[in-house]
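Hello,

Here is the structure I promised to pass on. Please open it beside this email and follow along.

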Amino acid sequence: MLIEIANLRLAAENPRKAPADEAAHLSLVASMKAHGQITNILVRPGDKPGLFDIIDGGRRFQAAKAAELEQLKADLYEGTSDAGEIGAAANMMRAAMHPLDEAKVIARLAANGESLDSIGLRFGKGQRWVEQRQKLDRLSPKAKTLFR
């Protein structure tokens, strides 16, 4: 379902109390501007009709506001577990991509004629990051195996 940003708020039990660092936030904002919302947020009905509390997706919510999106796609949580537990479980399940996996995608985009600046902007990264990923992609198969 689509929910207006104005009708969303973070659940009081949201386990993430320390905000992501500025670079991570800006990367997510850049991604949302370039790609839109990729992953739905998880919500439960709030205490007023039409209002929803975010159980999982607080960073996406903040980034969507910064990217000036008007709505977010959401899934309605219908389970019985506490919102803090669900939010913590969702956050603990995530793992960053391996740099070599990122490198393969970046190399493909560059091979298709994308500029380094364009690639960096789409992922909220600088040109240096893009260049580093290109260098990783050019490693020998043996070096890649060792790096993994």
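Start with the contacts between residues that are 6 or more positions apart in sequence. Of these, 74% join residues separated by 24 or more positions. Keep in mind that this is a predicted model.

**Overall layout**

The protein has seven helices and five strands. Read from the N terminus, the order is β-β-α-β-β-α-β-α-α-α-α-α. Along the principal axes, the C-alpha atoms fill a box of roughly 55 × 30 × 25 Å. The protein has 148 residues, and 33% of them count as buried.

**Two crossing helices**

Find helix α1, residues 22-35, and helix α2, residues 58-66. Their axes come within 9 Å and cross at roughly 65°. The crossing of α1 and α2 is right-handed.

Which residues of α1 and α2 meet? From α1 come Ala24, His25, Leu28, Val29, Met32 and Lys33. From α2 come Arg59, Arg60, Gln62, Ala63, Ala64 and Ala66. By class, this contact of α1 with α2 has seven nonpolar, two polar and three charged residues.

Stay with α2 for a moment. Its buried residues are Gly58, Arg60, Phe61, Ala63 and Ala64. They pack against α1 and against four strands: β2 (8-10), β3 (41-45), β4 (52-56) and β5. After α2 comes Glu68, whose phi is positive, near 65°.

**Gln37, in a loop**

Now go to the loop between α1 and β3, where Gln37 is found. Is Gln37 buried or exposed? Its relative accessibility is 10%, and the cut-off for buried is under 20%, so Gln37 counts as buried.

The side chain of Gln37 makes polar contacts with backbone atoms. One of its polar atoms lies 3.0 Å from the backbone oxygen of Thr39. The Gln37 side chain also reaches the backbone nitrogen of Lys73, at 2.6 Å. Leave out residues up to four places away in sequence, and Gln37 touches Met32, Leu72 and Lys73.

**Asp75, in a strand**

Asp75 is found in strand β5, residues 71-76. Asp75 is partly exposed, because its relative accessible area of 39% falls between the 20% and 50% cut-offs.

What does Asp75 contact beyond its neighbours within four places in sequence? The list is Asn40, Ile41, Leu42 and Val43. Take Leu42 from that list. Asp75 and Leu42 are 33 residues apart in sequence, and their C-alpha atoms are 5.0 Å apart in space. Take Asn40 next. A polar contact of 3.2 Å joins the side chains of Asn40 and Asp75.

**Ile86, in a helix**

Ile86 is found in helix α3, residues 83-93. Its relative accessible area is 18%, under the 20% cut-off, so Ile86 is buried. Setting aside residues up to four places away in sequence, Ile86 touches Leu42, Ile55, Tyr77 and Ser81.

Compare a pair that is separated in sequence and in space. Ile86 and Arg148 are 62 residues apart in sequence, and their C-alpha atoms are 31 Å apart.

**Gln134, and an aromatic pair**

Move on to helix α6, residues 127-137, where Gln134 is found. Gln134 is buried, with a relative accessible area of 16%. Not counting neighbours within four places in sequence, Gln134 is in contact with Ile106, Ala110 and Leu116.

How many aromatic pairs does a search of the whole structure find? The search finds one. The rings belong to Phe123 and Trp129, and their centres are 6.4 Å apart. Why is the pair called tilted? The ring planes stand at 40°, which is neither under 30 nor over 60 degrees, so the pair is tilted.

The two partners come out in separate accessibility classes. Phe123 is partly exposed, with a relative accessible area of 27%. Trp129 is buried, with a relative accessible area of 15%.

**Where to look**

Begin with the crossing of α1 and α2. Then find the side chain of Gln37 and its 2.6 Å reach to Lys73. After that, look at the side chains of Asp75 and Asn40. Finish at the rings of Phe123 and Trp129.

Best wishes

Conventions: Residues are numbered from 1 along each chain as its sequence is written. This is a predicted model: local features need pLDDT of at least 70, side-chain atom pairs count only at pLDDT 80 or more; totals for chains, interfaces and linings use all residues. Side-chain values use heavy atoms; hydrogens and water are left out. Rings of Phe, Tyr and Trp (its six-membered ring) pair if their centres lie within 6.5 Å; planes under 30 degrees apart count as stacked, over 60 as edge-to-face and the rest as tilted. Buried means under 20% relative accessible area, exposed over 50%, partly exposed in between (1.4 Å probe, protein chains only). Axes are lines fitted to C-alpha atoms, for helices over the stretch in contact, and angles run from 0 to 180 degrees between N-to-C directions. A crossing is left-handed if the near helix is turned anticlockwise from the far one by less than a right angle, and right-handed if clockwise. Contact means heavy atoms within 4.5 Å. Ala, Val, Leu, Ile, Met, Phe, Trp, Tyr, Cys and Pro count as nonpolar, Asp, Glu, Lys and Arg as charged, and the others, Gly among them, as polar. A polar contact is a pair of N or O atoms within 3.5 Å; within protein, one must be able to donate a hydrogen and the other to accept it, and residues adjacent in sequence count only if both atoms are side-chain atoms.
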